[in-house]
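Q: Could you take a close look at the side-chain links in this one? I'd like to hear about salt bridges and cysteines, with the surroundings of each residue where you can.

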Amino acid sequence: MSKGNYYITTPIYYPSAKLHIGHTYCTVATDAMARYKRLQGYNVCFLTGTDEHGQKIEDKAKEAGCTPQEYVDNIVLGEGGVLDLWKLMNISNDRFIRTTDDYHVAAIQKIFKKMYENGDIYKGKYTGKYCKPCESFWTESQLVDGKCPDCGREVQDAEEEAYFFRLSKYADRVQDLLENTDFLEPRSRVHEMVNNFIKPGLEDLCVSRTSFSWGVPVDFDEGHVVYVWIDALFNYMTALGFCNDAKEGLEDFWPADVHFVGKEIVRFHAIIWPAMLMSLGLPLPKKVYGHGWLLLDGGKMSKSKGNVVDPYILAQRFGVDALRFFLLRSFPFGSDGNFSNELLISTINTDLANDLGNLVSRTVAMAQKYFGERLPAQQQVNIEMDKELVEMVCTLRDKYEEQMEKYAFQNALAEVFKVISRANKYIDENAPWVLAKDESNHPRLAKVLYNLLETVRICAGLLSPFMPATAEEIAKRLGGVRMDWDSLEDFGVLPVQVATVAGDALFPRIDMEKELAALEELSKPKSDIEIEPYATEHVDFDTFCKSDFRAVKVKDCQPVKKSDKLLQFTLDDGTGTDRQILSGIAKFYKPEELIGKTLVAITNLPPRKMMGKESCGMLISAVHTEKGEEKLHLLMVDDAIPAGAKLC
Ligand code: MSP
């Protein structure tokens with residue numbers, strides 16, 4: 001029988017770059033919590049997803065020379081992308097939302113309109129700085145030395161039409177929610193929100209943009225797109241069918257039991273999110289938990305720091321369960337923690353190889369060695385010296401539960417490992433190898449081994465939310481035993497004649513020095529020059545032949561207004577009609593350098609609009625990285641080759 005419904009979410013990730021171990025942290029924590037709740041008997045809905053709109057994505061796509069949708073599709077669905085990473089990390093999410101999903105987009109339009117109609121969204125003026133030559137709006141903080149960040153020229157005060165949400169109207173209610181309930185945890189984050197954001201005065205929030213188009217369009221006012229945070233926050237409800245028929249579950253799962261979020265986005269979840277829900281008269285989530293950051297050398301983590309933070313490489317070298325375990329065992333969830341390879345390796349060696357791994361292999365190996373496949377039926381009853389261990393095991397589930405309910409994963413694991421250490425000590429105290437020598441001691445020996453196997457069972461069951469594959473493997477070694485929640489409080493669930501199955505070491509010890517050296521080697525760039533990895537997938541010959549490569553001559557080349565990346569080419573392609581191609585290479589060439597050159601273009605790509613201009617094809621260039629810097633050379637061919645010559 002289900003204990004009830006439980007809804008838990010992670011933040012939805014920006015697919016603006018590949019994810020690093022810091023991103024993995026929150027999803028692994030959410031997964032552990034979701035699995036724990038399932039273990040307890042709840043009907044869990046665990047949601048994660050991707051937050052795919054906004055200027056940042058639009059810019060990145062332009063840089064990459066593709067559409068924003070192509071760009072996000074590649075990072076979300078492509079090889080080594082977000083979905084692959086969650087699969088690798090054994091994430092058990094029940095739902096996955098993409099903010100570009102049609103149902104979500106349509107729901108956001110409805111939600112925006114509702115708030116407009118109830119008067120909480122109104123049209124106003126957004127004041128900022130304007131660069132006339134670039135025709136661009138900037139906020140004060142975007143300026144570089146007070147000047148336009150694109151062209152470096154003077155800017156002037158200006159206004160732009162925009163929609164605003166009456167956040168100020170909800171300031172008192174939100175402050176009351178934060179100060180007088182347990183809505184936001186840990187408590188330290190409450191003071192930060194109230195003192196830094198609410199007390200200085202909450203201003204109305206600008207919730208539409210006209211300076212870019214990659215977002216949910218405001219359907220009653222062309223040119224405006226919905227502010228990405230409004231679009232993003234409502235994912236928690238649209239994924240359950242709020243304002244759409246494509247999904248369901250709102251009645252069962254809303255309000256959410258907890259949103260896990262990183263500390264830098266607590267402000268959005270603890271101030272803006274409840275205020276918007278209040279505006280719509282909707283129930284508020286029961287809790288927002290703002291976890292700390294994983295830091296690298298005390299600083300922010302980013303994928304550019306290389307392989308040390310690449311979850312794929314770490315999982316491949318250390319194993320998925322070891323990595324999951326390390327993340328939640330080593331740092332208190334509510335505070336920042338310093339990630340290091342030394343800490344990762346020593347945690348694996350101490351807790352997993354020495355303590356847990358040893359306990360499992362020694363116990364199973366002794367059971368097999370002294371009694372074969374099954375323990376004998378004849379076993380002594382527990383004696384005084386068994387009491388401490390048995391009592392610790394019997395009370396473990398409650399202690400663990402108390403910590404898990406506070407999201408104190410580190411402490412919950414510490415409780416389990418206290419018992420594991422105690423069990424290892426119990427082996428030494430009882431010296432089964434001595435008992436084995438004398439047949440008359442075999443009933444005692446059987447009892448000692450039974451107690452150990454039972455301890456292993458309960459510990460493995462409680463570790464299962466953190467290390468699901470390991471727990472499963474341990475269950476197999478204990479003859480496929482029960483590890484359900486009720487059984488984890490009961491000492492004595494294992495059948496007396498438990499059958500054991502031998503296996504390899506669960507966590508082989510890692511040679512710290514060697515491994516650190518190997519990781520260091522992996523982090524070094526192979527040489528100053530790095531080339532893109534080769535494609536592994538074959539393209540069939542006929543498909544390749546469909547690509548129409550031609551020699552083209554540059555008649556004119558101009559920078560594109562408002563873009564620091566694009567050049568606009570007018571090309572002679574031998575047809576007698578000029579061809580226009582836009583190419584994101586302004587950082588590598590001055591337009592005048594290219595006039596008169598003979599280049600190579602692929603000409604039968606579908607035409608595409610970039611910055612409002614049509615681009616009919618793509619210029620071919622050679623790209624590589626040198627000392628970490630991106631380099632690009634347009635492919636130039638002999639000027640004797642006439643315009644329009646086909647390359648094959
Ligand atoms: N798209 C928003 C969230 C919208 S939720 C309605 C966003 N995305 S993000 O990809 O930038 O970050 C996702 C989560 O990863 C955030 O909670 C963030 O705190 C977390 N982390 C990113 N780097 C991190 C660490 N180094 N350590 C721990 N968590 C970190 O924000």
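A: Let's start at Glu630, which comes out as partly exposed, with 43% relative accessibility. Bear in mind that this is a predicted model. The side chain of Glu630 meets that of Lys587 in a salt bridge, at 3.5 Å from N to O. Glu630 belongs to strand S24 (residues 629–634), while Lys587 sits in the loop between strand S18 (578–583) and helix H22 (591–594), so this pair ties together parts that are 43 residues apart in sequence. On the lysine side, Lys587 is exposed, at 61% relative accessibility.

Now for a pair within one helix. Glu454 and Arg457 form a salt bridge, with 2.7 Å from N to O. Both are in helix H18 (residues 442–463), three residues apart, which is about one turn of the helix. Both Glu454 and Arg457 are buried.

Next, a pair that joins two strands. Lys129 and Asp157 form a salt bridge whose closest N and O atoms are 2.4 Å apart. Lys129 is part of strand S4 (residues 121–131) and Asp157 part of strand S6 (residues 156–165), so the contact ties together parts that lie 28 residues apart in sequence. The two ends sit in contrasting surroundings: Lys129 is buried at 18% relative accessibility, whereas Asp157 is exposed at 61%.

Salt bridges can also link up into a network, and here Asp31, Arg35 and Arg324 do just that. Across the whole structure, the count comes to 34 salt bridges.

The cysteines tell another story: there are zero disulfides in the structure. A disulfide is a covalent bond between the sulfur atoms of two cysteines. For a pair to count here, the sulfurs have to be within 2.5 Å. Take Cys45: the closest cysteine sulfur belongs to Cys26, and because that is 16 Å away, it is too far for a bond. Cys45 is buried, with just 2% relative accessibility. Then there's Cys243, whose closest cysteine sulfur is the one in Cys45; at 18 Å, that is too far for a bond as well. Cys243 also counts as buried, at 16% relative accessibility.

Conventions
Residues are numbered from 1 along each chain as its sequence is written. This is a predicted model: local features need pLDDT of at least 70, side-chain atom pairs count only at pLDDT 80 or more; totals for chains, interfaces and linings use all residues. Side-chain values use heavy atoms; hydrogens and water are left out. Buried means under 20% relative accessible area, exposed over 50%, partly exposed in between (1.4 Å probe, protein chains only). A salt bridge is a side-chain nitrogen of Lys or Arg within 4 Å of a carboxyl oxygen of Asp or Glu. Helices (H or I, at least four residues) and strands (E, at least two) are DSSP runs, numbered from the N terminus.
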